Amino acid sequence: MNLEIKANIYFKLFAAKNINKLKDIFDQKIILKDWTAKINGKKNVISFNEKTFKNFDVIKVKVLETFANSKKNSLACKIVINLDKLKLNVVDIIYFNKKGNISKIEAYKL
C-alpha cells in the first residue's frame with residue numbers, strides 16, 4: 001500500500017473519531033508533535049486524540065496536496081481541518097515504520 005493511501009486512511013479514521021482503528025495503525029513508540037504539545041507513545045497519543053474528539057462534535061479533514069519522500073518513508077500533507085466551526089490550515093508530516101504503521105506525526109499550523 002502506498003504512503004498516500006495510508007495517510008488518507010489515517011485522516012478518515014481521525015475524522016471518524018475511530019480510536020480502535022487508530023490504535024491499529026500507530027506504532028507503539030509513536031511521537032505526535034504539534035503547535036501545542038509533544039506526546040510520546042501510543043497510549044499517550046490515543047489519550048490526546050480522545051480529548052480532542054470529546055471537545056469537538058464534527059471533525060472534517062480535507063487533503064489539498066501530498067508530497068512523498070520514499071527514502072524517509074514519509075509524506076507531507078497540506079490539509080484543512082474543520083473542528084466544528086474552527087478551520088485550521090495545517091501541514092502534517094507523517095512517518096511510517098517498516099511495517100507501515102505511523103511512527104511519527106509532526107503537525108504545523110499555517
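Which residue in β6 is the bridge partner of Val91? It is Tyr108. The legends below treat this pair and other details of a predicted model.

**View 1. β6 pairs with β5 and with β1.** Seven bridges join β5 to β6, and these strands run antiparallel. Val91 and Tyr108 form one bridge pair. β1 and β6 pair in the parallel sense, over four bridges. Here Phe26 stands opposite Ile102. Five residues lie between the strands in the hairpin of β5 and β6. Within that hairpin, Gly100 takes a positive phi near 95°.

**View 2. The largest nonpolar core has 29 residues.** Tyr10, Leu22, Phe26, Ile94 and Ile102 touch the most other members. At least two residues each come from α1 (3-15), α2 (19-25), β1 (26-33), α3 (42-55), β4 (74-83), β5 (86-96) and β6 (102-109). α1 gives the most, with six residues.

**View 3. Surroundings of Ile102 in β6.** Neighbours within four places in sequence are left aside. The residues in contact with Ile102 are then Tyr10, Ile25, Phe26, Asp27, Ile30, Ile94, Tyr95 and Phe96. Among them, Phe26 is also the residue opposite Ile102 in the strand pairing. Tyr10, Phe26 and Ile94 recur from the list of core residues that touch the most other members.

**View 4. α1 turns one face to the interior residues it buries.** The helix has 13 residues. From first C-alpha to last it reaches 18 Å, close to the 18 Å expected at 1.5 Å a residue. Leu3, Lys6, Ala7, Tyr10, Phe11, Leu13 and Phe14 are buried. Seen down the axis of α1, the buried residues fall within an arc of 165°, so they line one face of the helix. An α-helix has 3.6 residues a turn, so residues three or four places apart point the same way.

**View 5. The two ends of α1.** At the start of α1, a side-chain oxygen of Asn2 reaches to within 3.1 Å of the backbone nitrogen of Glu4. Just after the helix, Lys17 takes a positive phi of about 60°.

**View 6. Asn73 and Asp84 have positive phi although neither is a glycine.** Asn73 lies in the loop between β3 (59-69) and β4. Its phi is about 50°. Asn73 is partly exposed, with a relative accessible area of 27%. Asp84 is found in the loop between β4 and β5. Phi at Asp84 is about 55°. Asp84 also counts as partly exposed, at 33% relative accessibility.

How values were computed: Residues numbered from 1 in each chain as written. Predicted model: local features only at pLDDT ≥ 70, side-chain atom pairs only at ≥ 80, totals over all residues. Heavy atoms only, no water. Core = buried A, V, L, I, M, F, W, Y, C linked by side-chain atoms within 4.5 Å. Buried < 20%, exposed > 50% of the residue type's maximum accessible area, 1.4 Å probe, protein only. Contact = heavy atoms within 4.5 Å. Pairing = 2+ DSSP bridges. Expected span 1.5 Å × (residues − 1). Arc of directions from axis to C-beta. Polar contact = N/O pair within 3.5 Å; in protein donor to acceptor, adjacent residues only side chain to side chain.
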